[in-house]
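I opened this notebook to record what I looked up, in the order in which I looked it up. The entries are short.

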Amino acid sequence: AAKNVRALMEKSAAERTCTEVPTCSLISGGVDSLITTYLLLKYGNFKDPLPVYTFHCSDFEETEQTDIYHARKVANWFGDKVDHRIVTASKDEIIAAIPEVVRSLEDTRGRDFNIFTAMYNRFLAEAISKDGIKLVYEGEGPYEGDDLRMR
């Protein structure tokens, strides 16, 4: 199975990459977002640098342990192929958004949603929408498609 992972990911990305509308990627600095962005750049049709977004709480210092530090490294690795856009919010802004985000997560199916992810995605979605982006690729679970199931 390990020998087939790259081929399966490439096949899945080639079949699922759509860039006919304004498109972006989220970069957290982790492996999933790096792979997603790499495959998007490989199979997408971009004339301009791909907008990539990272969220950072402005009340926290950037250190080697923070996502923003690693996201910058990933964006720098892609170089001029990406346009790295950092979205920030203060701790107070994040706290003020909790009721709105929790309401948006209410679900009658009893599903468990990750409130942490939902909080920063709220701020990212607002900025991405203002920038006119219509399609967002991100690294949470893109490898879980039907084509990637080990048979």
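**Entry 1. Surface patch.** I am working from a predicted model. I began with the nonpolar patch and asked which element gives the most to it. The answer is α4, with three residues. I then listed the members of the patch, which are I95, I98, V102, I115 and F116. Together they have about 450 Å² of accessible area on the surface. Two helices, α4 (91-105) and α5 (115-130), each supply at least two residues of this patch.

I picked F116 for a closer look and found it in helix α5. Is F116 buried or exposed? F116 counts as exposed because its relative accessibility is 59%, and the cut-off for exposed is over 50%.

**Entry 2. Whole chain.** I stepped back to the protein chain, where I counted five helices and four strands. Read from the N terminus, the order of elements is α-β-α-β-α-β-α-α-β. The chain has 151 residues, and 33% of them count as buried. For its accessible surface I noted about 9900 Å², with 51% belonging to carbon and sulfur atoms. I also looked up the contacts with a separation of 6 or more, and 76% of these are between residues 24 or more positions apart.

**Entry 3. Sheet.** In what order do the four strands of the open sheet lie? I wrote down β3-β2-β1-β4, with parallel pairing. At the edges are β3 (82-89) and β4 (135-137), each of which pairs on one side only. From one strand to the next, the twist averages 30°.

I went through the pairs in turn. Strand β2 (residues 50-57) pairs with β3 in the parallel sense, over eight bridges. The parallel pairing of β1 with β2 has two bridges. Between β1 and β4, which also run parallel, I found three bridges.

I noted one facing pair of residues for each of these pairings. P51 stands opposite D83 in β3, S25 stands opposite V52 in β2, and T23 stands opposite L135 in β4. Helix α3 (residues 67-78) lies across β2 and β3, and I recorded its angle to β3 as about 165°.

**Entry 4. Strand β1.** Which way do the side chains of β1 (residues 23-26) point? T23 and S25 point one way, C24 and L26 point the other way, and all of these residues are buried. In a regular strand, side chains alternate between the two faces of the sheet.

**Entry 5. P51.** I ended with P51, which has its place in strand β2. Is P51 buried or exposed? P51 has 11% relative accessibility and therefore counts as buried, the cut-off being under 20%.

What does P51 touch, once residues up to four places away in sequence are left out? From β1 I listed T23, C24 and S25. The other residues touched by P51 are D83, R85 and I133. D83 is also the residue that P51 stands opposite in β3. I looked up the spacing of P51 and S25 as well: the two are 26 residues apart in sequence, and their C-alpha atoms are 6.6 Å apart in space.

Methods. Residues numbered from 1 in each chain as written. Predicted model: local features only at pLDDT ≥ 70, side-chain atom pairs only at ≥ 80, totals over all residues. Heavy atoms only, no water. Patch = residues over 30% accessible without salt bridge, like charges linked within 9 Å, V, L, I, M, F, W, Y side chains within 5 Å. Areas by Shrake-Rupley, 256 points an atom, 1.4 Å probe, with all protein chains shown as cover. Salt bridge = Lys/Arg side-chain N within 4 Å of Asp/Glu carboxyl O. Buried < 20%, exposed > 50% of the residue type's maximum accessible area, 1.4 Å probe, protein only. Pairing = 2+ DSSP bridges. Axes fitted to C-alpha atoms, helices over the stretch in contact; angles between N-to-C directions. Contact = heavy atoms within 4.5 Å.
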